[in-house]
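Visitor: I have a chain open here and would like to go through it. Can we start in the middle?

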Amino acid sequence: MSTSAETPTPQRDVAPAPSPGPPPHAAAPPGPYPPPPWRAKNWMGVTSLVLSLVGLVTGVTAIAGIVFGHLSLNAVAHGEADNRSVGLAGLILGYILLGLSIVIMVVVLGFVGWVVSQCAGPDPASWCSTTP
């Protein structure tokens, strides 16, 4: 009989030997990235300014400039755009042009009303007549 007690030795986990062959491939490079979200709606401020400037000539597009100016400032507030000054310039210019258009229309309609009141009726003004 043997007096020495046999103690079990712990088994070590040994990794299998690498197989011969080509090394593993690296990951594919990432694809194109979308534009950052803070630039996604910068076009609204530019559109507002352009439409308001075109409104200097046409007078019609100032309302669209106001709408896009408000949309631009909303996009800036939500962090989707970073051109607050451009949108604000288009908005202010649009409101100024709209106010000027209203004043001009009131003046023109007032003048036309005055001319009609002077030339109509039983006793028209002398300058209204086209006959000598």
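Visitor: What covers the buried residues of helix 2?
Guide: The cover includes helix 1 and helix 3. Cover here rests on contact, meaning heavy atoms within 4.5 Å. Helices (H or I, at least four residues) and strands (E, at least two) are DSSP runs, numbered from the N terminus.

Visitor: Before going on, what kind of model is this, and what are the ground rules?
Guide: This is a predicted model, where local features need pLDDT of at least 70 and side-chain atom pairs count only at pLDDT 80 or more, while totals for chains, interfaces and linings use all residues. Residues are numbered from 1 along each chain as its sequence is written, and side-chain values use heavy atoms, with hydrogens and water left out.

Visitor: Fine. Which residues of helix 2 are buried?
Guide: Ala-62, Gly-65, Ile-66, Gly-69, Ser-72 and Ala-75. Buried means under 20% relative accessible area, exposed over 50%, and partly exposed in between (1.4 Å probe, protein chains only).

Visitor: Does the length of that helix add up, or what do the end atoms give?
Guide: The end C-alpha atoms of helix 2 are 23 Å apart, against 22 Å expected for 16 residues at 1.5 Å a residue, which agrees. The expected span is 1.5 Å times one less than the number of residues. After helix 2 comes Gly-79, with a positive phi near 80°.

Visitor: And helix 3, what span should its residues give?
Guide: Helix 3 covers residues 84-119, and its 36 residues should span 52 Å; the end C-alpha atoms are 52 Å apart, in agreement. Just after helix 3, Gly-121 has a positive phi of about 100°.

Visitor: Which of its residues are buried, and what do they pack against?
Guide: The buried residues of helix 3 are Gly-87, Gly-90, Leu-91, Gly-94 and Leu-97. They pack against helix 1 (43-58) and helix 2 (62-77).

Visitor: Step back a bit. How many helices and strands are in the chain?
Guide: The chain has three helices and zero strands, so the order from the N terminus reads α-α-α by the DSSP assignment. Of its 132 residues, 17% count as buried. Among contacts between residues at least 6 apart in sequence, 59% join residues at least 24 apart.

Visitor: Pick something in helix 1. Is Ser-52 buried or exposed?
Guide: Ser-52, in helix 1, counts as buried at 0% relative accessibility. Leaving aside neighbours within four places in sequence, Ser-52 is in contact with Gly-65, Gly-90, Leu-93, Gly-94 and Leu-97. Of these, Gly-65 is one of the buried residues of helix 2, and Gly-90, Gly-94 and Leu-97 are among those of helix 3.

Visitor: Where does Asn-83 lie?
Guide: Asn-83 is in the loop between helix 2 and helix 3 and is buried, at 11% relative accessibility. A polar atom of the Asn-83 side chain lies 2.9 Å from the backbone oxygen of Asn-42. Not counting residues up to four places away in sequence, Asn-83 touches Asn-42, Gly-45, Val-46, Ser-72 and Val-76.

Visitor: Salt bridges: how many does the count come to?
Guide: The count comes to one salt bridge, taken as a side-chain nitrogen of Lys or Arg within 4 Å of a carboxyl oxygen of Asp or Glu. The pair is Lys-41 and Glu-80, with the closest N and O atoms 3.1 Å apart. It links distant parts of the chain, Lys-41 in the segment before helix 1 and Glu-80 in the loop between helix 2 and helix 3, 39 residues apart.

Visitor: Are those two buried, exposed or partly exposed?
Guide: Lys-41 is partly exposed at 30% relative accessibility, and Glu-80 is partly exposed at 29%.

Visitor: On to the outside. Which residues make the nonpolar surface patch?
Guide: Ile-92, Ile-96, Leu-100, Ile-104, Val-108, Phe-111, Val-112, Trp-114, Val-116 and Trp-127 make a patch of about 1000 Å². Patches are made of residues with over 30% relative accessible area and no salt bridge: like charges are joined within 9 Å, nonpolar side chains (Val, Leu, Ile, Met, Phe, Trp, Tyr) within 5 Å. One of the residues, Ile-96, is found in helix 3 and is partly exposed, at 46%.

Visitor: And how much area does the chain expose?
Guide: The chain exposes about 10500 Å², with carbon and sulfur atoms supplying 70% of it. Accessible areas come from the Shrake-Rupley method with a 1.4 Å probe; for residues, only the protein chains shown count as cover.

Notes
Polar contact = N/O pair within 3.5 Å; in protein donor to acceptor, adjacent residues only side chain to side chain.
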